[in-house]
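Grab a coffee and work through these short exercises with the structure open beside you. Try each task before you read its solution.

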Amino acid sequence: MKMRSWFLAVLMAGLPGLCAGQSVVTYHNSLTRHGDYKVPGLTLTAAANMHLETRFKAKVDGHVYAQPLYWLPAGAKTGQIIVATESNFVSALDAATGATVWKTRLAPSVPLSELPCGNIDPDGITGTPVIDPDAGVLYLDALTNRKSVPRHLLYALSLSDGSILPKWPLDMEAELVKKHVTFSSATQGERSALLLFGGNLYVNYGGNWGDCGSYNGTVVQLQTSPPKLVAHWATRANGGGIWAQGGISGDGQSLYATTGNTFNANMWSGGEAILRLLPGLAWSNKSKDYFAPSNWQQLDENDQDLGGTEALPLDIAVSGTAPAKRVIAFGKDGNAYLADRTNLGGIGGALAITKVSNSAIITAPAVYETQSATMVAFTNSGSGNCSGNNLTMLDIAASGSSPITVAWCAAFSGGGAPIITTTDAKANPITWVVGAEGDNLLHGFNALTGETVFSGGGETLSGLHHFATILAAEKHLYVAADNTVYAFTFGHSP
């Protein structure tokens, strides 16, 4: 691929709120992982008319944890919803009708009985794939069963027909062993989204639910043509998994990752941190390139991962000067951590640490960012400002004694991850979330006030899993669930 076209693709991936009619190629719609979408016509008033699209009937094979993506081929009027399942099936569905355009079965997934721990059965494709829009290629990681031996395989599929491209898949364990890196596919989980940036493919690994055996927070960097492992990074101590659904985020210049708790670390070794990933994934001991709380050992001991959510870069408007470059992450200790992107601060160097929940924060946040406001939404099961399960919206300021404040919170039941829709990147901001493993309803709230604009319409969904998020495309909201995809519309169904 020509570098000019690649960097144009990178630039477009980093722009917030891609317009309707453009492909959604990565988790939460951008390099920033903000989860913001432009949906013309979806006003606060129109949201009250949201309902299931009666003509959309979809069938997929297997449980779904990964976010679906949206692919609009050149010249096409209707796009395709790309869905990957834990049974290692990948399907392209007609975005208007749900009809299967193509379906590919990869190597078999791994039964939970053949893993030392976990909570997904079977375990296959968990992390959200990524699309190279110029090449028309889908990249994904699948945990596969090779004669009862689990292996993480990286696949590249043609989006024209779902076929596996030549020289793929790549066996990640075998490739890392060649570099004399210890890596066990049985204990290294992959639930984070993949990322394309600067001509490279990035894949992240943590552990399995239950923290069994040895694993490390690991990032691998690959070239894609021909496929080749070119660099890797890992925590120096055991543990420190990269658990966040969004995985790595970026601001167009740097990439950021968060890590969880390490085990038996007497000195800080990369866990409980916001990290800037350097070119070539080199380790940095410079305080400007990492942040970890001063009580990181206590967080380790209590399994209170800072890395439950991805680090989100923020550009906060400042009157009369350039925006303040910040990054925010959330922990299982209920804290929001705000750091300066130009200097992350090292141990204890955050700009602000604010208790925003009395429970763990482990679902991906979403951001509403304009020239006058920077607001971050997350779900949790109880905060000091709301009782019970709720969606909380924060106001983030560039400076001051309390740069993190609660704007509002609204009750709902479930463990979904929010997104933000607007009609033009500013107007009619709506925070959407599904009550996954709770009330199993679609909820919409005015992003500025928390006022309810849609409360499910009595249409209960089934087969949703915690961390489920929403895809906005073609004036629809799509929610993937076990063996199906739901499509909501605010227009009139024929």
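**Exercise 1.** Work out how β19 and β20 are connected, and which residue in the turn has a positive phi.

*Solution.* Start with the connection: β19 and β20 make a hairpin, with two residues between them. Now look into that turn, where glycine 320 has a positive phi of about 80 degrees. Next, check the pairing. β19 covers residues 312–318 and β20 covers residues 321–330; the two run antiparallel and are joined by six bridges. To find your place along the pair, pick leucine 312, which sits opposite isoleucine 328 in β20.

**Exercise 2.** Decide how far you can trust the coordinates, given that this is a predicted model.

*Solution.* Take the overall score to begin with: the average pLDDT is 93, and 95% of the residues reach at least 70. Then turn to residues 1–20, where the pLDDT is below 50. That stretch does have 39 contacts in the model beyond near neighbours in sequence. Don't lean on them, though: where pLDDT is low, predicted coordinates shouldn't be read in detail.

**Exercise 3.** Find the sense in which β13 and β14 pair, and what links them.

*Solution.* Locate β13 at residues 218–224 and β14 at residues 227–234. Their pairing is antiparallel, over seven bridges. A hairpin of two residues takes the chain from β13 to β14. For a cross-strand partner, go to leucine 222: leucine 229 in β14 stands opposite.

**Exercise 4.** Lay out the open sheet of four strands and name its edge strands.

*Solution.* The order is β3-β4-β5-β6, and the pairing is antiparallel. β3 (69–71) and β6 (100–105) are the edge strands, since each pairs on one side only. Neighbouring strands in this sheet are turned by 20 degrees against each other on average, ignoring direction. Now zoom in on one pair: β5 (residues 89–94) runs antiparallel to β6, with five bridges joining them. Here leucine 93 faces threonine 100 in β6.

**Exercise 5.** Is glycine 198 buried, partly exposed or exposed?

*Solution.* First place the residue: glycine 198 lies in the loop between β11 (195–197) and β12 (200–205). Its relative accessible area is 27%. Buried means under 20% and exposed means over 50%, so glycine 198 counts as partly exposed. Last step, look across the fold: glutamine 253 is 55 residues away from glycine 198 in sequence, yet their C-alpha atoms are 9.4 Å apart in space.

Methods. Residues are numbered from 1 along each chain as its sequence is written. This is a predicted model: local features need pLDDT of at least 70, side-chain atom pairs count only at pLDDT 80 or more; totals for chains, interfaces and linings use all residues. Side-chain values use heavy atoms; hydrogens and water are left out. pLDDT is the predictor's confidence in each residue, from 0 to 100. Contact means heavy atoms within 4.5 Å. Two strands pair if DSSP finds at least two bridges between them. Buried means under 20% relative accessible area, exposed over 50%, partly exposed in between (1.4 Å probe, protein chains only). Axes are lines fitted to C-alpha atoms, for helices over the stretch in contact, and angles run from 0 to 180 degrees between N-to-C directions.
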